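User: I am new to this structure and would like to know how its labels are reached. Please go through them one at a time.

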Amino acid sequence: MASSDGLPETARAPSALWPGVSLAGTVVIADQLTKWLALAQLAPYQPVAVAPGLNVTLAFNPGAAFSFLAASGGWQRWLLSGLALAISAYLVYWLAGVSRRDRLQMLGLAGVLGGAIGNLIDRLYLGAVVDFIDVYYGEWHWPAFNLADSAITLGVIAILLSVLRDSRSCRK
């Protein structure tokens, strides 16, 4: 039987859906575990030095990236939660259409999906995202972040690299 792309079903590469969802689940578990440890071990907004340029500091972000919308009175919790749910559903759909052979794109989508769900859990249960990684230089501090934020950032980079790779191979 031929598939929609004209290839026999046996010739098509398996979908990246289940490996991607599994990896996203691993990101969610690691993210929630580290946040649980931060909540259990750290006092809010009291930095603990880990290494030069790195503290752990328990912080709460009711807004989006870089505290965007943080002081908006609470409605942003539901808007950002709805966006995270919609984006997560789209990422699962996207993963289903990606070949398991395209590991870079699968890793990127899984990272973004796992990070979005990890932060969504915080937002739904706590009303804010738990952040605890504090990178600084001198008196300058990058906004605190967490493992979910890191997975999202690295995932977006992997997706962009995958798209660039694919666009270059199309030109050849």
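Analyst: The model is a predicted one. Asp102 has a relative accessible area of 14%, and buried means under 20%, so Asp102 counts as buried.

User: What makes Asp102 and Arg165 a salt bridge?

Analyst: The closest N and O atoms of Asp102 and Arg165 are 2.8 Å apart. The cut-off is 4 Å between a side-chain nitrogen of Lys or Arg and a carboxyl oxygen of Asp or Glu, so the pair qualifies. The pair links distant parts of the chain: Asp102 lies in the loop between α2 and α3, Arg165 in helix α4 (residues 147–171), and they are 63 residues apart.

User: Why is Arg165 called partly exposed?

Analyst: Its relative accessible area is 37%. Buried needs under 20% and exposed over 50%, so Arg165 falls in between.

User: What makes Asp31, Lys35 and Asp122 one network?

Analyst: Asp31 forms a salt bridge with Lys35, with the closest N and O atoms 2.8 Å apart. Asp122 also meets Lys35 in a salt bridge, at 2.7 Å from N to O. Asp122 is in helix α3 and Lys35 in helix α1, 87 residues apart. Salt bridges that share partners join Asp31, Lys35 and Asp122.

User: How do you know whether Asp31 and Lys35 are buried or exposed?

Analyst: The relative accessible area is 0% for Asp31 and 2% for Lys35. Buried means under 20%, so both residues count as buried. Asp122 is buried as well.

User: Asp131 is buried too; why does Asp131 have no salt bridge?

Analyst: The nearest side chain of opposite charge, Lys35, is 6.2 Å away from Asp131. A salt bridge needs a nitrogen and an oxygen within 4 Å, so this pair does not count. Asp131, found in strand β3 (residues 129–137), does have a polar contact of 2.9 Å between its side chain and that of Asn146. Among the residues that Asp131 touches are Thr57, Leu58, Ala144 and Asp149.

User: Why is the pair of Tyr45 and Phe60 called edge-to-face?

Analyst: A search of the whole structure finds four aromatic pairs. In the pair of Tyr45 and Phe60, the ring centres are 6.4 Å apart and the planes stand at 65 degrees. Centres must lie within 6.5 Å and planes over 60 degrees apart count as edge-to-face, so the name fits. Tyr45 is in the loop between α1 (17–41) and β1 (48–51), Phe60 in strand β2 (residues 54–61), 15 residues apart. Phe60 is partly exposed, at 31% relative accessible area.

User: What makes the pair of Tyr90 and Trp94 tilted?

Analyst: The planes of Tyr90 and Trp94 are at 50 degrees and their centres 5.9 Å apart. Under 30 degrees would be stacked and over 60 edge-to-face, so this pair is tilted. Tyr90 and Trp94 both lie in helix α2 (residues 75–96), four residues apart, about one turn of the helix. With Tyr93, they form one aromatic cluster. Tyr90, at 49% relative accessibility, counts as partly exposed, and so does Trp94, at 27%.

User: How do you know that the length of helix α3 agrees with its number of residues?

Analyst: Helix α3 (residues 103–126) has 24 residues, which should span 34 Å at 1.5 Å a residue. Its end C-alpha atoms are 34 Å apart, so the two values agree. Gly127 follows α3, with a positive phi near 85 degrees.

Note on methods
Residues are numbered from 1 along each chain as its sequence is written. This is a predicted model: local features need pLDDT of at least 70, side-chain atom pairs count only at pLDDT 80 or more; totals for chains, interfaces and linings use all residues. Side-chain values use heavy atoms; hydrogens and water are left out. Helices (H or I, at least four residues) and strands (E, at least two) are DSSP runs, numbered from the N terminus. Buried means under 20% relative accessible area, exposed over 50%, partly exposed in between (1.4 Å probe, protein chains only). Lys and Arg count as positive and Asp and Glu as negative; His and the chain ends are not counted. A polar contact is a pair of N or O atoms within 3.5 Å; within protein, one must be able to donate a hydrogen and the other to accept it, and residues adjacent in sequence count only if both atoms are side-chain atoms. Contact means heavy atoms within 4.5 Å. Rings of Phe, Tyr and Trp (its six-membered ring) pair if their centres lie within 6.5 Å; planes under 30 degrees apart count as stacked, over 60 as edge-to-face and the rest as tilted. The expected span of a helix is 1.5 Å times one less than its number of residues. Lists of a residue's contacts leave out its neighbours within four places in sequence.
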